[in-house]
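Good morning, and thank you for joining this meeting. I would like to take you through one structure, beginning with its nonpolar interior and then turning to the contact between chains.

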Amino acid sequence: MGANLDLAAEAGTRMVKSREEAFEALFTSEYARVVGIANRVLADPHEAEDVAQEVFISFHRLHSASAQYAPAWLYRAAAHTALNRLRGRRRREIRELAQTPDEGARTVDPQRMLEVNEDRRLVREALARLAPKPAAVLVLRASGLSYAEVGQALGVGTGQIGTLLRRAEAALRKEVTRGTSL
Amino acid sequence: MVDDPDALGGSDRRHYATCEDCRARYAGLADDARATATMLAVPDLKVDVGAAFTRVQSAPEARPRFGFSLPIFRPVSRPMFAGVVATVAIAALVVTAFANILPVFQPKTVEPVPITVGDLETLSQLSEYGTLTWSKQPKPEIVLSAAEAEKVSGLHVPVVGTLPAGVSTTVTYAAMPQAVAVFTFDADKAAAAAVKSGKALPALPANMNGATLTVTVGPAVLEVFGNLQNGASSASEINLPQLVVAASTAPNVTSTQVTAKQLENYLLSVPGLSPQLAATLRSIEDPTTTLLIPVPIQYATSTKVQVQGVQGVALGDNTGAGSAVIWIKNGTVYGVLGLLKQSQVLSVANQLS
């Protein structure tokens, strides 16, 4: 029985080792792309790396790295996690402005705000206002995923991606325009 | 067509060349696409994949959780679940007391044990009397198919017969290889825990210091029926399953140093234990072959049932909204749990093959 236990333990160790190796291979091949997706949403490389690592850790805790759906899961989780952070950031900014209206009026120079990446800020705000699916379609496609990869990541047929994308592009432009006229 | 200028076939291309509406519409779409590409452009990114992998590996959250992270229990019932887990651990300790007579505990049948919330609180304090370490970490994972679940666990995945009406045919499989935990009694920690609790807990017998209990659990497989990830992107968003079927190799417990009588007497001397629990623990006929199923008497009822030709325990919560049946056959513990009537759960259990 002792020998059986040793064999079982050895087999278990081998299995854990091969699973760790599979995870490392997945991480190496997909990390840059996952960070790229998060950065496309957040326009902040450091926060994008935080999101990517959070996504990989969540994946590793529950899924097998050799699963066929692994890349699609990672892309989708990166887009949604980054978009959630973007929405949280926007809510936080609104709350902070609402709590200190006088101070905000005194210290924020509108001209300077325009100078500091105004376009990028407006685009991210508009992205945060879009519904989750159109926002994710835009971000994944802009990150270089093919129609088939975007479809797999979002659980949508490849044939629908073109239509979703065109609608999302129009919606984003509309939101950006709305943001500038507010 | 915006992304691929060659997407149009012959007749469509001829129509497009002469249709003003289509050309105007395309111009608008192409303009949106160009504008979006510009708006979402970001500077090129350089990442250090090696350094990032080291950070991920050293993150404490990267370690597997204790158990499956599926929403089998609603948040409100989690404290109760934590209590049940603690009680199962303590039940294993009780059984282990007898395991010293026969060095290996191999349960062949199940027995309900009534417990109260007070019992849970009392018994959970005992976990502070030593150190729990995993010599083989539990590594539960969600897999894609029954075949993969069998590969990970080495167990046959039970095949469900007819599903009750309303239960989704979408199945999520989870599997866990064998895990081994070692609990080492520590007199210093026990003394500190007794002081901290402010109660006069009995002192640990001298020869229990350093004694170990080795608990082997799994391998195990889980089949979860229901559309868990319907539109969700994280575990916290997934829906409640309708039916869960689980199979696990029966737990195996070995112990060193502690005599059966010592451990039994010690556990029964802990103040706060309800008379029902103490009486049940004393009355178990053959503890070396009995797996104790703790039943929180305020929340659930239990009855003995015949399932798959052996005796099992059927559990139901008092609201009638959910029920479960647990049994042991050929060294494997089976469980069927669902938001269903007891008769439906029993029918699923009897049809497993």
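The model before you is predicted. I begin with the largest nonpolar core, which has 53 residues; A:Ala38, A:Ala78 and A:Ala82 are the members that touch the most others. Which elements each supply at least two residues of this core? From chain A they are helix 1, helix 2, helix 3, helix 6 (118–129), helix 7, helix 8 (147–154) and helix 9, and from chain B there is helix 3 (49–58). The core thus draws on both chains.

Let us look at A:Ala38 in particular. Setting aside neighbours within four places in sequence, A:Ala38 is in contact with A:Ala48, A:Val51 and A:Ala52, and also with A:Ala78 and A:Ala82. A second core, separate from this one, comprises 43 residues, including B:Val215, B:Ala220, B:Val333 and B:Leu337.

I turn now to chain A as a whole. Its secondary structure consists of nine helices and zero strands. Of the 182 residues in chain A, 37% are buried. Among the contacts in chain A with a separation of 6 or more, 71% are between residues 24 or more positions apart.

A:Leu164 offers an individual case. This residue belongs to helix 9 of chain A, which spans residues 158–181. Is A:Leu164 buried or exposed? A:Leu164 counts as buried because it has 21 C-beta neighbours inside 10 Å, and the threshold for a buried residue is 20 or more. Apart from neighbours within four places in sequence, its contacts are A:Pro134, A:Val137 and A:Val156. A:Pro134 is 30 residues away from A:Leu164 along the chain, yet their C-alpha atoms are separated by 6.7 Å.

Finally, I come to the contact between the chains. Here 40 residues of chain A are in contact with 34 residues of chain B. On the side of chain A that touches chain B, at least two residues each come from helix 1 (2–42), helix 2 (45–62), helix 3 (70–99), helix 7 (132–142) and helix 9. Which of the helices of chain A gives the most to this side? Helix 1 does, with 14 residues. By residue type, the side of chain A that touches chain B divides into 21 nonpolar, 11 polar and eight charged residues.

To close, I would draw your attention once more to helix 1 of chain A: it supplies at least two residues of the largest nonpolar core, and it gives the most to the side of chain A that touches chain B. Thank you for your attention.

Conventions
Residues numbered from 1 in each chain as written. Chains lettered and ligands numbered in written order. Predicted model: local features only at pLDDT ≥ 70, side-chain atom pairs only at ≥ 80, totals over all residues. Helix = DSSP H or I, 4+ residues; strand = E, 2+ residues; numbered from the N terminus. Buried ≥ 20, exposed ≤ 12 C-beta atoms within 10 Å, placed from the backbone. Contact = placed C-beta atoms within 7 Å. Nonpolar A, V, L, I, M, F, W, Y, C, P; charged D, E, K, R; others polar. Core = buried A, V, L, I, M, F, W, Y, C linked by C-beta atoms within 7 Å.
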